[in-house]
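Here's a quick look at one helix and at the nonpolar packing in this model. Have the structure open as you read.

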Amino acid sequence: MNIGFIGLGIMGESMCENIIKKHNGRVYCFDINKNQKDKLAALGGIACDDGIEVAKNSDIIISMVPRSEHSFAVYKAILDVLNKDKICIDMSTIDPSVSVEISKMVKKTGAQFADAPVVKSKPAAITGELGILVGCDEFLYEIILPVLKYMGTNVIRMGENGKGLVMKVCHNALVAQIQNGVNETLTLAKKNGINFEDFAKAISYGGGQNFYLDGQWPKLMNDDYSVAFSFENEHKDLGICQRLAEESGIDMPGMENAKRIYDEGMTLGLGKEDFRATYKIVRGDYKGYCSHRIVFCSI
């Protein structure tokens with residue numbers, strides 16, 4: 001069995017590398033960035049000129065691209081080489097409605113399709129310990145599970161096509177709200193003389209204990225915003241959540257508040273930093289910056 005991988009960015013690079021290391025078969029790969037293709041080819045992958053070449057040579061085709069329009073373009077481009085012997089797995093985080101549309105388009109060719117977005121960030125991608133949330137037919141899940149386990153240790157089927165993405169959007173919206181709560185309470189604690197380490201330790205003793213603070217407080221303390229998961233990607237994910245909530249008729253004021261922080265950060269040019277850079281906004285680094293958010297206006 002040959003596997004193809006389209007999209008070798010921050011996450012895709014390490015995910016593909018794990019497949020190359022663990023899979024007993026050929027791994028074809030493509031990215032618009034030639035350096036990324038060459039990097040994976042040096043590890044044993046087979047670099048391709050485009051996604052069509054990947055799809056032609058692969059039994060299972062995996063994609064990991066930034067946005068809904070990119071996923072749609074990938075699968076529209078390879079439709080003519082898909083058939084009943086091929087399986088497509090889109091691991092990108094995109095709008096669930098777009099993913100369902102792609103699944104219908106792919107299935108018309110006879111091929112099978114799963115959405116399988118990931119949770120956790122670059123370190124977990126490197127070690128092959130991602131969480132993977134899958135939306136597909138039950139029979140297909142059993143077929144693709146061994147391949148997904150090359151990349152992740154926690155894999156769960158959430159339901160039919162699109163449901164993996166619904167769960168991913170819910171997950172990242174919750175993380176953003178937890179992050180915002182950490183930012184606000186940490187800022188308040190520091191203002192009143194409590195240091196980072198004592199804050200994190202005290203929170204770990206009670207009901208406020210959370211994975212985000214446990215892992216991120218040393219980096220927040222050191223103003224380390226090197227990217228494991230980018231600010232702009234979380235902003236994108238909250239936009240997907242906002243649209244999904246509107247489609248579902250659900251009010252999400254906590255998510256909306258977190259998204260306003262991300263909107264502010266994008267305006268301030270923080271998109272390429274790590275998503276924990278929201279802390280800089282909440283603690284008041286940009287207090288003099290006047291925008292639509294009254295909390296940051298000096299009047």
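Which residue caps the N-terminal end of α2? N33 does the job, with a side-chain oxygen 2.9 Å from the backbone nitrogen of N35. This is a predicted model, where local features need pLDDT of at least 70, side-chain atom pairs count only at pLDDT 80 or more, and totals for chains, interfaces and linings use all residues. Numbering runs from 1 along each chain as its sequence is written, and side-chain values use heavy atoms, leaving out hydrogens and water.

Now for α2 itself, residues 34-42. Helices here are DSSP runs of H or I with at least four residues, and strands are runs of E with at least two, numbered from the N terminus. Buried means under 20% relative accessible area and exposed over 50%, partly exposed being in between (1.4 Å probe, protein chains only).

| Side of α2 | Residues |
|---|---|
| Buried | Q36, K37, L40 |
| Turned away, exposed | K34, N35, A42 |

The buried residues of α2 fall within an arc of 100 degrees seen down its axis, so they line one face; the arc is taken from the directions from the helix axis to the C-beta atoms. Their cover includes α1 (10-22), β2 (27-30) and β3 (46-47), with contact meaning heavy atoms within 4.5 Å. After α2 comes G44, with a positive phi near 120 degrees.

On to the packing. The largest nonpolar core (buried Ala, Val, Leu, Ile, Met, Phe, Trp, Tyr and Cys joined through side-chain atoms within 4.5 Å) has 35 residues, and M15 and I62 are among those with the most contacts inside it. α7 gives the most to this core, with six residues.

Key. Polar contact = N/O pair within 3.5 Å; in protein donor to acceptor, adjacent residues only side chain to side chain.
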